[in-house]
Amino acid sequence: DGLYAYLAAGPGGIHVLDISDPGRPRRIGGFNTRGFATRVAVSGNLLCVADGTPALTLLDVSDPSNPVYRGELDDGAASEVVMLGSVAYLASSDGIRVVDLTEPSVPQMLTNATPGAGSVGTLSLQGKWLYGSSSGQGLLALDVSDSRAPRSVSTGLRAGFFTGVAALGNRVALAGSSPELTVVNVSRPDTQGQFQVEDRRG
């Protein structure tokens, strides 16, 4: 509802802030997770925490001032999480994992949507597309029209390790070391079905 913000605080778990007055945010609660909280995502009253190890911690935030533990996925590690309904996508050391959250007390890993991609650092969801940055395959793109069975699409951007990805409209911005910034137009693939680089800087 825009009144609360949930912050990942590393070894301190998560903090809940009341931001009804944006100029004076106020901490009203928190939860000390078992792992190292790096990212959070929320859908309805369910908060997902990318928690290092365990990969995923699930909290009920019906009362934001008092998050309640619901369950966890103790299978590997995760550094990033995004949610689409009752499905979570995790950035992990072996690709993008797809997790069913229908029963938060017993989350179920459905599949690794990008086997062979190597370590995935960040994720960005835009409409029916999920983008990720990986060590083995560069820019990843998944069609998540079927959220539980996403389809991987070749992007053609395999060079280098992108450390960050952000999608907005028909463009995806990628952070890296050389170049520092790559902007990709994802609206019109070329004749080989690969996305077009519009700009490189740094």
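In the predicted model, the side chains of Asp 143 and Arg 151 meet in a salt bridge, with an N to O distance of 3.3 Å. Asp 143 counts as buried, its relative accessibility being 9%. Salt bridges that share partners also join Arg 34, Glu 72 and Asp 74 into one network. A search of the whole structure finds ten salt bridges, and a further one of these links the side chains of Asp 60 and Arg 70 at 3.9 Å, N to O. Because Asp 60 lies in strand β6 (residues 56-60) and Arg 70 in strand β7 (residues 68-73), this pair ties together parts that are ten residues apart in sequence. Arg 70 is partly exposed, with a relative accessible area of 33%. Such pairing is in keeping with the general expectation that side chains of opposite charge can pair when their charged atoms come close.

A salt bridge is likewise found between the side chains of Asp 94 and Arg 97, at 3.3 Å, N to O. The two partners fall into separate accessibility classes, since Asp 94 is partly exposed, with a relative accessible area of 34%, whereas Arg 97 is buried, with a relative accessible area of 9%. Arg 97 also stands opposite Asn 112 in β11, and strand β10 (residues 95-100) is joined to β11 by four bridges, the two strands running antiparallel.

These strands belong to an open sheet of four strands, which has the order β8-β9-β10-β11 and antiparallel pairing. The edge strands, each of which pairs on one side only, are β8 and β11 (108-112), and the twist from one strand to the next averages 25°. Within strand β9 lies Ser 92, a residue that is buried, with a relative accessible area of 3%. The side chain of Ser 92 reaches the backbone oxygen of Gly 95 at 2.8 Å. When residues up to four places away in sequence are not counted, Ser 92 touches Ala 77, Arg 97, Gly 118, Ser 119 and Val 120, so that the list includes the arginine that is itself buried at 9% relative accessible area.

The largest nonpolar core comprises 15 residues, of which Cys 48, Leu 56, Val 81, Leu 90, Val 99 and Leu 101 touch the most other members. At least two residues of this core are supplied by each of β5 (46-50), β6, β8 (78-84) and β9 (87-92). Leu 56, again with residues up to four places away in sequence not counted, touches Cys 48, Val 49, Ala 50, Gly 71, Glu 72, Leu 73, Val 81, Leu 90, Val 99 and Leu 101. A second, separate core of 14 residues includes Val 87, Ala 117, Leu 140 and Leu 142. In soluble globular proteins, nonpolar side chains tend to be buried together.

Ile 19 is found in the loop between β2 (14-18) and β3 (26-31) and is partly exposed, with a relative accessible area of 27%. Neighbours within four places in sequence being left aside, Ile 19 is in contact with Gly 2, Leu 3, Tyr 4, Ala 5 and Pro 25. With respect to Ala 117, one of the residues of the second core, Ile 19 is 98 residues away in sequence and 38 Å away in space, C-alpha to C-alpha.

How values were computed: Residues are numbered from 1 along each chain as its sequence is written. This is a predicted model: local features need pLDDT of at least 70, side-chain atom pairs count only at pLDDT 80 or more; totals for chains, interfaces and linings use all residues. Side-chain values use heavy atoms; hydrogens and water are left out. Buried means under 20% relative accessible area, exposed over 50%, partly exposed in between (1.4 Å probe, protein chains only). Contact means heavy atoms within 4.5 Å. A salt bridge is a side-chain nitrogen of Lys or Arg within 4 Å of a carboxyl oxygen of Asp or Glu. A nonpolar core is a set of buried Ala, Val, Leu, Ile, Met, Phe, Trp, Tyr and Cys residues joined through side-chain atoms within 4.5 Å. A polar contact is a pair of N or O atoms within 3.5 Å; within protein, one must be able to donate a hydrogen and the other to accept it, and residues adjacent in sequence count only if both atoms are side-chain atoms. Two strands pair if DSSP finds at least two bridges between them. Axes are lines fitted to C-alpha atoms, for helices over the stretch in contact, and angles run from 0 to 180 degrees between N-to-C directions.
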